[in-house]
Structure formats: structure tokens, C-alpha cells
Amino acid sequence: MTESSISLQYDFNYNKRINILNGILATIVTNLVNPYYSKFAERLGATDYQIAYLTSLPHFISILAFIPGAILIESLSNKQKTIGGTMLLHKIFFLFIAIIPFLNVNQASLFVLMIGLMNLPGSIATMGYQASMGDVFCIKERGEAMGLRNKYSSFIGIIITFISGKLLTSIPKTDKDTIKLYQIFFIIAFIVSVFEVISFFKFKGFATKNKKESNYFSSLKQVLKEIPNNKKFLLFTFASLFFHIGWVGAQPLFNIYTIKILKADENWLAAISIASAISSIWTYTKWPKWADKNGNNVTLAIAIIGMGVTPLLYAVSNQIWLLVLFNVLIGVSVAGTVLLLFNILLEIIPNENRTIYIAIYNTLIAIISGISPILGVKVMDMTNIYIALIAVAVIRLASSIFFYRMK
């Protein structure tokens with residue numbers, strides 16, 4: 001083994017550990033507050049459509065972020081500092097959210113607005129992280145690195161979700177007490193997220209460059225010219241857009257069904273998240289192996305079949321404990337879908353102008369994801385929640401055929 005190969009292997013092991021640590025910290029932040037967004041909004045007086053906007057508004061806001069964000073990331077000389085800075089700006093919104101209950105305004109509307117606005121820097125940070133993994137890990141290493149990140153993060157996520165759910169249902173005696181505990185959680189989430197940002201700066205492999213090396217507006221034009229001839233990217237994007245109609249369109253339906261029909265409190269919401277995470281832990285490292293054996297697209301199609309069954313499982317659940325049980329299966333499918341969509345995207349786009357390709361893809365996904373939750377609730381209003389759930393299930397199952405045909 002040459003000296004250079006030893007160095008590369010050392011960097012891979014080092015970056016792999018940093019990626020796991022970064023994932024754990026990110027998961028602590030996410031699992032402390034995200035599972036309860038809809039319930040917190042309901043306690044602030046949110047309507048069904050406001051719950052839908054919790055899903056759709058962040059996507060609408062992100063439409064404004066992706067392409068300008070890609071140009072920003074690629075134009076500045078130090079990509080790592082740029083991404084880390086937007087990560088920190090995203091996390092500061094947790095402090096803004098924490099003070100909402102003190103304000104004499106429509107608190108539910110302001111909360112929805114804050115969740116939307118925080119996705120402006122959040123989208124840039126997420127896209128930057130995705131693109132940076134192409135710098136930090138080579139194709140062969142990426143599946144292992146991301147699988148281990150997700151595996152350990154899910155384990156920590158279970159613990160955090162269990163503790164937070166128990167605290168939210170056992171300590172407070174009134175709604176006001178519960179809201180105060182939420183405020184404490186948002187502050188803790190900010191503190192932990194600062195360490196998450198610090199860990200991101202520990203990655204090795206980012207190349208600094210002279211910002212005059214390239215004209216990224218010209219690069220954007222070049223990518224737009226290349227896309228019509230990139231059939232793999234076009235087919236993948238079309239299939240992914242169709243799938244996201246069913247994926248994201250179902251989110252407010254799930255929240256409404258769980259909270260308003262089955263009357264779940266924070267403890268049950270935590271149990272649902274934990275059930276999903278338990279199955280994810282085992283399968284995060286299995287999905288890359290199955291993909292190596294059967295191909296990414298075929299494996300993704302199988303994962304999405306499980307996603308397609310999910311709305312049907314919700315529709316037949318007349319007891320909250322059934323949702324907890326079914327989420328064990330749901331977690332398996334979500335783990336494979338998230339991981340393989342990410343891996344396939346990085347696989348089919350060229351290394352040159354990678355961030356801009358990701359920005360264009362994410363912009364298109366954001367448009368669909370912004371519209372879909374509102375459409376889901378609209379279908380529910382026109383019919384009922386059961387027909388709406390069946391509709392999104394059909395869309396998800398049909399999209400699995402598109403991915404399968406791409407093999």
C-alpha cells in the first residue's frame with residue numbers, strides 16, 4: 001500500500017467518524033423538536049390548513065434558496081465556511097421560535113411562518129452538505145459512510161425521542177406548562193446545533209479555491225444546456241417528482257389522522273417515531289448491500305413499495321397502538337428510500353457543477369413538495385381522509401414502477 005493510499009484511507013476513517021458525530025448531533029436537534037411540530041402548532045391553535053402549511057411552506061421558501069445558494073457556495077473561496085455559516089443561521093431560528101408564546105400575535109401563524117423562513121438558510125445548508133459529501137467521500141465509500149451515519153444517528157434518535165416524549169407528557173400539568181417545556185427544548189436544540197456546526201468544520205477534503213476561477217452564472221447556463229441531453233438525470237428527476245407528490249402530500253394527512261382523529265399526545269408521537277427508528281437502525285447498513293447486489297434503482301423501487309403501503313396502513317388503523325406497530329415496517333421503507341434517492345442522485349450527476357445540478361433538482365422537488373400537502377388536504381376536504389390516503393398510496397406505488405423501469 002502506497003503512502004498516498006494510506007493517507008486516503010486515514011482521511012476516510014477520520015471523515016467517517018466525523019460524519020457519524022455530525023449525524024448524531026443533528027439527530028439530537030431534530031428528534032428533540034421535529035416530531036412535535038404539528039402538536040405544538042395545535043396547542044397554539046393551528047387549523048388543518050396551518051398544519052399542512054407546516055409541510056408546504058418550507059418547500060415554497062426553499063425554491064428561493066437552492067439555485068442562488070448553489071451559486072453562493074461555489075462562488076466563494078471557502079465552501080466549508082459558507083456551508084457552516086448557513087447551518088448556523090438556520091439554527092438561530094430555534095431561538096426565535098422559543099419566544100413565540102410570549103408574543104401577543106396569532107402564535108400558530110407565526111410559528112408556521114418561522115418554520116418556513118428557517119428553511120431558507122436550512123435548504124442551502126442541506127444542499128451544501130449533500131454536495132460536500134461528494135468531495136469528502138468517493139462513490140465506493142459513500143454508501144458505507146452514510147449508512148453508518150444513519151444507523152448510529154437513529155439509535156441516538158430513539159433515546160432522545162423517548163425522553164422528550166416522556167417529559168412532555170409527564171411533567172406539564174397544563175397546556176401552558178407544556179408550551180414552556182417546548183420553549184426549553186427549542187433553546188436546547190439551538191445549543192446542541194452549535195456543536196453540530198462545529199463538527200462540520202472538522203471534515204477534511206474541502207478544497208479552497210480562488211473565487212475568480214469560474215463564473216458560476218456561466219456554469220448555471222452550461223448545466224441548463226446539458227440537462228436536456230442527460231437522460232438519466234431527466235428520468236430520475238421525473239420519477240422523483242412524481243413520487244414526492246405522494247410522499248410529501250401524505251405528511252399533513254398523517255399528522256391530522258394521528259393527532260385529530262386518533263387523539264395522539266406527545267408520548268404517542270414519540271412512540272411512533274421510536275418504532276420507525278428501531279427498524280431503520282438495522283436496515284440503514286443493509287440497504288447499501290442490497291443495492292450493490294440488485295442495483296440502486298431496483299432496490300429503491302422495492303423500498304418505495306413499502307412507502308406506498310404506508311398510507312393504507314394509516315387508513316386501517318383505528319387504534320393509536322396499531323400505528324406504532326405499523327411504523328416498524330414504515331421505518332424500513334423510509335430508511336431505504338432516503339438513502340437510495342441521495343445515492344442515485346450523486347451517482348447520475350457529473351462531478352463538475354455538482355452543486356448546481358443538486359440545486360436544480362432540489363428546486364423542482366421543492367415546487368412539487370410545496371404544492372402537494374395543500375392538495376392532500378384539499379382532496380381530504382372534497383372527500384374524506386380515507387380516500388385522500390388511498391390516493392397518495394396509489395401515487396407512491398405507481399412511482400415505484402418508474403424507478404424500476406430505470407434499471
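Over the ring of which residue does the charged end of K204 sit? The legends below describe a predicted model, and the opening view gives the answer.

**View 1. The charged end of K204 and the ring of Y14.** In this predicted model, the charged end of K204 is placed over the ring of Y14. The distance from that charged end to the ring centre is 4.6 Å.

**View 2. The tilted aromatic pair of F243 and W247.** A pair of aromatic rings is described by the distance of the centres and the angle of the planes. The structure contains 19 aromatic pairs. In the pair formed by F243 and W247, the ring centres are 5.1 Å apart. The planes of these two rings meet at 40°, an angle that is neither under 30 degrees nor over 60, so the pair of F243 and W247 is classed as tilted. Both residues belong to helix α11, which covers residues 231-249. Because F243 and W247 are 4 residues apart in this helix, about one helical turn separates them. F243 and W247 are both buried.

**View 3. The edge-to-face pair of W287 and W290.** The rings of W287 and W290 make an aromatic pair with a centre-to-centre distance of 5.0 Å. Their planes lie at 85° to each other, and the pair is edge-to-face. Helix α14, residues 286-294, holds both W287 and W290. The two residues are 3 positions apart, about one turn of the helix. W287 has a relative accessibility of 4% and therefore counts as buried. W290, in contrast, is partly exposed, its relative accessible area being 31%.

**View 4. A cluster of aromatic residues.** Seven residues are joined by ring pairs into a cluster: Y36, Y37, F40, F94, F111, Y182 and F186.

**View 5. T126 in helix α7 and its separation from T86.** T126 lies in helix α7, which comprises residues 119-136. With a relative accessible area of 45%, T126 is partly exposed. Along the chain, T126 and T86 are 40 residues apart. In space, the C-alpha atoms of T126 and T86 are separated by 9.2 Å.

**View 6. K263 in the loop between α12 and α13.** The loop that contains K263 connects α12 (251-261) with α13 (266-283). The phi angle of K263 is near 60°, which is a positive value in a residue other than glycine. K263 has a relative accessibility of 64% and so counts as exposed.

Conventions:
Residues are numbered from 1 along each chain as its sequence is written. This is a predicted model: local features need pLDDT of at least 70, side-chain atom pairs count only at pLDDT 80 or more; totals for chains, interfaces and linings use all residues. Side-chain values use heavy atoms; hydrogens and water are left out. Rings of Phe, Tyr and Trp (its six-membered ring) pair if their centres lie within 6.5 Å; planes under 30 degrees apart count as stacked, over 60 as edge-to-face and the rest as tilted. Buried means under 20% relative accessible area, exposed over 50%, partly exposed in between (1.4 Å probe, protein chains only). A charge sits over a ring if NZ of Lys or CZ of Arg is within 6 Å of the ring centre and within 35 degrees of the ring normal.
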